[in-house]
Amino acid sequence: MSKLDYLFESINVVPKNKELYLSALTHPSCNANGKCKHQDYDRLEFMGDAVLGYVTADLAFKLHPEMEEGKLTKLRSNIVQRSSLANYARSIHLEAYIHANKSFTEETLRESDKILEDVFEALIGAIYMDLGLKKAYKHVEKFVYNDIKDGSLAEVIDYKTKLQEAFQAEHREALQYVLVKKTGSDNDPTFTMKVMYSNICLGQGIGHSKKLAEQAAAKDALSKMGK
């Protein structure tokens, strides 16, 4: 079994045209050196972005008949923002399958929200172009359903940004969010996250998605700081 086949197996995709997926996983840096030009993920990223927006809007509309337009827009925006998509990509270890210039290590790719966002969107675009909207819809739904169902993302105050801004004034090291534990079923999980600074736990929070648990941890840290 090839490396790419492991990815197909993990995301439950039976491809018809593997070349599409190879393009989706190819960083533009592969075209930087040498005479050989490769198809990279730029065009498929464009298509995947459109599919993501549609599926997220459709699910939000159906799951939250009580929400007005402004809250639906906020919920969709929080789902499709860069950090969310990068974390979805990390959940399937997508960084391990990306083809990039040798200057990019797997660790570098794993830490890059921008690259992971782009490749995640491109992968969705490849699924759509290869297998159609129904299969692409189901693929996106697996990642976003719980976050959309929770719905509180439409109301969330961005405590993570507030905490980061509070720290940037005095400290240079980045804050880190670490998973403590996950409990419950796949359809109704509960995550416990802690926010760390220089190996010191600043706060801890619980939520039905990692995103909400991170926000709760940041809120806890701000509260302890008197913010």
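How many positive and negative side chains does the protein have, and how far apart do the centres of the two sets lie? In this predicted model, there are 31 positive and 32 negative side chains, and the centres of these two sets are 2 Å apart.

The fold that carries these charges is built from 10 helices and three strands. Followed along the sequence, these elements appear in the order α-α-α-α-α-α-α-α-α-β-β-β-α. With 227 residues, the protein would have a radius of gyration of 17 Å by the globule rule; its value of 19 Å is close to this, so the protein is as compact as a globular protein of that length. The C-alpha trace spans about 55 × 45 × 30 Å along the principal axes.

The interior and the surface may be considered next. Of the 227 residues, 43% are buried. Where contacts join residues at least 6 apart in sequence, 55% of them link residues at least 24 apart. The accessible surface amounts to about 12,800 Å², and carbon and sulfur atoms account for 50% of that area.

Helix α3 offers a detailed example. This helix covers residues 42–63, and its 22 residues should span 32 Å at 1.5 Å a residue; the end C-alpha atoms are 32 Å apart, which agrees with that expectation. Among the buried residues of α3 are Leu 44, Val 51, Leu 52, Val 55 and Leu 59, together with Glu 45 and Asp 58. The buried residues of α3 pack against α2 (18–24), α4 (69–79) and α5 (82–91), and also against α7 (113–131) and α8 (133–150).

Technical notes:
Residues numbered from 1 in each chain as written. Predicted model: local features only at pLDDT ≥ 70, side-chain atom pairs only at ≥ 80, totals over all residues. Heavy atoms only, no water. Helix = DSSP H or I, 4+ residues; strand = E, 2+ residues; numbered from the N terminus. Rg over C-alpha atoms; globule rule 2.2 N^0.38 Å. Buried < 20%, exposed > 50% of the residue type's maximum accessible area, 1.4 Å probe, protein only. Contact = heavy atoms within 4.5 Å. Areas by Shrake-Rupley, 256 points an atom, 1.4 Å probe, with all protein chains shown as cover. Lys, Arg positive; Asp, Glu negative; His and termini not counted. Charge placed at Lys NZ, Arg CZ, Asp CG, Glu CD. Expected span 1.5 Å × (residues − 1).
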